Amino acid sequence: MVDRLVNSEANARRIEGVEGCFGSSGQPLAVQGRVLVGEGVLTKMCRKKPKARQFFLFNDILVYGNIIINKKKYNKQHVIPLEEVKLESLEDDGQFRNGWLIRTASKSFAVFAATSTEKHEWMAHIEKCIEDLLRKSGKKAAEEHAAVWVPDSEAHVCMHCKRNQFTVLNRRHHCRKCGAVVCGPCSNKKFLLPNQASKPLRVCLNCYDTLSKAKAQNNQNNLNSKNDPRDKGCLAESSCEDDTDDDEDNLNNRPDYQSPDQPKFYGSANADVGNDQYSK
Ligand SMILES: [Zn+2]
Ligand SMILES: [Zn+2]
């Protein structure tokens, strides 16, 4: 069980190792009660194309970053609180195999493992961590999740007006509510999405209509009951990025990079055996 690793020297050493690999580009990860449950390389679907990313699963957060030197140096650290995470398995589709969605309130994306065994291991470990975390903390799972962005390559014309063709000059934009790829005129309005940012974000005209109507409806209801449980304010972590996605390539990070290593999970009886599931 993962609990046995709390306060263990091996766990402290591993977390220190992860901190070291991110260096000053990452945040401190050693926190009382935190356990590194597993690590490995997954292919993350980014705006332009799939890219290799190093993932670290802790018992309370999921961390990932760009690989500069395998097992030595990572940057662009992202930290996702697990109580926000919801997984959704993806069907295999052509070259996109062994994938699932990682959905959170502020950001959602697809990742792919090298084999179906690895996929099931990752998903089982993440699900178990979420379950344990929610049980222990008494927190409730997030109900709202950000849309998964449609990759640029899947849309040659605007998904809203279906007329405007994308070119170098006619740029693609992503609706922050539904994730569709739309043209400028079809996304010239902004709406406040408190789960994602403190300032209004670009949305498509469809979503603008829907959101505006819902808001009007809500205001009406609020005349009677004033508490809006959905008002959670802005998240601490910045997701207020502009249209460019933050997953820029590093020079050494070849897009076709494939790690020969299998993911490692430490929660099993013998830390050297990665394939065991948690034993109760
Ligand atoms: Zn359009
Ligand atoms: Zn939309």
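**Exercise 1. Find the residue that follows helix 2 and describe its phi, then check the span of the helix.**

Let's start at the end of the helix: Gly-138 comes right after helix 2, and its phi is positive, near 70°. Keep in mind that this is a predicted model.

Next, take the helix itself, which covers residues 116-137 and has 22 residues. At 1.5 Å a residue, the expected span is 32 Å. From first C-alpha to last, helix 2 reaches 31 Å, close to that expectation.

**Exercise 2. List the buried residues of helix 2 and say what they pack against.**

Begin with the list: Lys-119, Glu-121, Trp-122, His-125, Ile-126, Cys-129 and Ile-130 are buried. A reminder helps in reading it: an α-helix has 3.6 residues a turn, so residues three or four places apart point the same way.

Now look across to the partners. The buried residues pack against strand 1 (36-45), strand 2 (50-58), strand 3 (61-69), strand 5, strand 6 and strand 12 (264-265).

**Exercise 3. Trace the pairing of strand 6 with strand 5 and with strand 7.**

First, strand 5 (residues 86-89) and strand 6 (residues 99-103) run antiparallel, joined by 4 bridges. Within this pair, Glu-88 has Leu-101 as its bridge partner.

Then move on to strand 7 (residues 108-112), which pairs with strand 6 over 5 bridges, again antiparallel. Here Arg-103 is bridged to Ser-108. A hairpin of 4 residues connects strand 6 to strand 7.

**Exercise 4. Judge the confidence along the chain.**

Start with the average: the chain has a mean pLDDT of 85, and 82% of the residues score at least 70. Then pick out residues 228-259, where the pLDDT is below 50; this stretch has 41 contacts beyond near neighbours in sequence.

Key: Residues numbered from 1 in each chain as written. Chains lettered and ligands numbered in written order. Predicted model: local features only at pLDDT ≥ 70, side-chain atom pairs only at ≥ 80, totals over all residues. Pairing = 2+ DSSP bridges. Helix = DSSP H or I, 4+ residues; strand = E, 2+ residues; numbered from the N terminus. pLDDT = per-residue confidence, 0-100. Contact = placed C-beta atoms within 7 Å. Expected span 1.5 Å × (residues − 1). Buried ≥ 20, exposed ≤ 12 C-beta atoms within 10 Å, placed from the backbone.
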